[in-house]
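Hi,

Here is the structure I promised to pass on. Have a look at it first, and my notes follow underneath.

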Amino acid sequence: MIEFNNVSHYFSSKNGELQVLDNLSFSVPKNGFSAIVGPSGCGKSTVTKLIAGLMKPRKGSIILNGEAVQSPRSNIGMAFQNPVLLEWRNILKNVMLPLEIVHNKLSNEEKVDRARELLALVGLSEYENSRPSELSGGMRQRASLCRSLIHRPEVLILDEPFGALDAFTREDLWLTMNRLREKESFTCLIITHDIRESIFLADEVVVLSGRPATNQFSIKTEKESNDNLDQLYTPHASELLNILREQIGIARRKEMADK
Amino acid sequence: MRRIAVPILTIILFLLFWEWLVWFNDWPNYKMASPSDLGPAFWKYKTLFFSFGWDTLWRTVAGLLISIVVGVALGMVMGFSKLLQEGLYPLLIGFNAIPKATIVPILSLIFIGQHDFNTVLIAFLISFFPIAVSVSIGLSTLEPEYRDILRALGASKLKIFWKIALPKTLPEFFGALKVAVTLAFIGTNLMEIVSPHGRGLGALFDSGKTNSDYPLMFAVLIALAVLGIVLYYCVVVLERIFAGWADQLSR
């Protein structure tokens, strides 16, 4: 479970303090999947850094499974738009990287089995000995997802993970993501620019206002199934899409007005 | 076949032209050597070639090893701390701007008679700069996400350095090492030539010069070329082993 309680955060810049987050509150239930959408530059990535404990909020608190986040912790998995695979390792070794950091009692064989299990789930079994440079962008991102889940984190943070992929590959990865969600158990927060992505993947979508970002609007997606793309073309999905686009429009106009 | 035959043929043609030039002009050995003089020169001084060649080799390698230690340390310091980078960079650039040939007489006078020491010292001084710069640039341009994936798991700075920053910098490091090995070799020879009563191939070259013994001087040049090529390819082999993955990236 992820809880943001009245979090405010500032960056120091040349022109003094810049407020990024303003009294932001939201929560993701255990094993839930929420999406955060909002105008670009509104502080979405700051949210991920705060959850990961890479930054401390100025005000308010962030609670993961009942414990306040003070510093980085090993029960978290992260994936970014840039898959940042290590070019000198093969895919299997790349996926196993977190197990070299996080304290665990797994034998080497168990580690390899775990990595292979995930690679099979995302369809990369044949590529475990390949170097990242031999893989396409979508495949690299799949490997990056495996790496973020290898140590069975309770919380998964995805920061625009599919933003740099072409539309078809992206849809493929949405299905992969849902397959992972079925087999693995984690609470997930995805930051995205893509409203369709947020509707397809998440149970709840939170719209952030322009900077300083606060929780402007949130809506439950209430989907029936997760395993095909048709659900994006139902009347229900169109309605969600329109509501969210309208909300993001409001957020952007507010930001323009503030400037 | 063609890859081997063409270069060998070119070399043979070059040597024939050289031989012809000396024969045509009727230059005596105190004016110019011809390729056919080189064999006898090597044979005549063969013990000196081996012992002095060894001197030149180990001094170059010793200087280079110190360069690697100091260069990597400086690079790490500058790569990790913006403040120290701002402080040290201008100093290093200023130092690097001085033609090292001018430092040779200074060192040979300060440490007069200590041939091994001042030769290794100049080999080091001339070659650490590219290593320091490449390591510092490699570290400071590391994308923050690379750090974040480990930092978010609570990895220590040292662990991030060993697992990510260091291997990621290796291609740049070896690029610099190829430059550094050539520079260190130049440094060693400069000092050996300038130091009075020195040892090493540079000293042998100098004695050839003093006696107008052109066959000896050219024989030394050939020996230096061979040694330089061997040193360079040693670095290339190490690069293939430790940073071969970067080769595939550029393809």
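**What I found**

Let's start with a helix in chain A. Helix α1, residues 44-51, lies across β1, β2 and β4 (59-64) of chain A and runs at about 115 degrees to β1(A). Do keep in mind that this is a predicted model.

The sheet those strands belong to is an open one of four strands, ordered β2-β1-β4-β5 in chain A, and the pairing is antiparallel. At its edges stand β2 (16-28) and β5 (67-68) of chain A; each has a single partner strand, so one side of each has no neighbour in the sheet. If you want to trace one pairing by eye, try β1 (residues 2-13) of chain A against β2(A): the two run antiparallel and are joined by nine bridges. A handy landmark there is A:His9, whose bridge partner in β2(A) is A:Leu21.

Chain A also has an open sheet of six strands, in the order β6-β7-β8-β3-β9-β10, and here the pairing is mixed. Its edge strands are β6 (76-80) and β10 (215-220) of chain A, which pair on one side only. From one strand to the next, the twist averages 15 degrees. Within chain A, strand β3 (residues 33-37) and strand β9 (residues 204-208) run parallel, with four bridges between them. Look for A:Ala35, which stands opposite A:Val205 in β9(A). Helix α1(A) turns up again here: it packs on this sheet, touching β3, β7 (155-159), β8 (187-191) and β9 of chain A, and its direction makes about 150 degrees with that of β8(A).

**Domains of chain A**

The domain assignment splits chain A into domain 1 (1-75 + 155-169 + 185-259) and domain 2 (86-153). Taken over C-alpha atoms, the centres of domain 1 and domain 2 of chain A are 26 Å apart. Where they meet, 10 residues of domain 1 of chain A are in contact with nine residues of domain 2 of chain A. The side of domain 1 of chain A that touches domain 2 of chain A has seven nonpolar residues, three polar ones and no charged ones.

**The nonpolar cores**

Which residues touch the most other members of the largest nonpolar core? They are A:Ile51, A:Val95, A:Cys146, A:Ile157, B:Ile122 and B:Ile131, in a core of 111 residues. Helix α8 (residues 157-194) of chain B gives the largest share of this core, 15 residues. Domain 1 and domain 2 of chain A both contribute residues to this core, so it lies between them. Another core lies apart from it, with 15 residues, among them B:Ala33, B:Tyr45, B:Phe52 and B:Ala219.

Back to A:Val95 for a moment. Setting aside neighbours within four places in sequence, A:Val95 is in contact with A:Ala115, A:Leu118, A:Leu119, A:Ala143, A:Cys146, A:Arg147 and A:Ile150.

**Chain B and where it meets chain A**

Chain B has 10 helices and zero strands. Its C-alpha atoms fill a box of roughly 75 × 55 × 30 Å along the principal axes. Of the 251 residues of chain B, 37% count as buried. Among contacts in chain B with a separation of 6 or more, 75% are between residues 24 or more positions apart.

As for the interface, 19 residues of chain A are in contact with 18 residues of chain B. On the side of chain A that touches chain B, 12 residues are nonpolar, three are polar and four are charged.

Cheers

How values were computed. Residues are numbered from 1 along each chain as its sequence is written. Chains are lettered from A and ligands numbered from 1 in the order in which they are written. This is a predicted model: local features need pLDDT of at least 70, side-chain atom pairs count only at pLDDT 80 or more; totals for chains, interfaces and linings use all residues. Two strands pair if DSSP finds at least two bridges between them. Two residues are in contact if their C-beta atoms, placed from the backbone, lie within 7 Å. Axes are lines fitted to C-alpha atoms, for helices over the stretch in contact, and angles run from 0 to 180 degrees between N-to-C directions. A nonpolar core is a set of buried Ala, Val, Leu, Ile, Met, Phe, Trp, Tyr and Cys residues joined through C-beta atoms within 7 Å. A residue is buried if 20 or more other C-beta atoms lie within 10 Å of its own, exposed if 12 or fewer, and partly exposed in between; C-beta atoms are placed from the backbone. Domain bounds come from an automatic or database domain assignment. Ala, Val, Leu, Ile, Met, Phe, Trp, Tyr, Cys and Pro count as nonpolar, Asp, Glu, Lys and Arg as charged, and the others, Gly among them, as polar.
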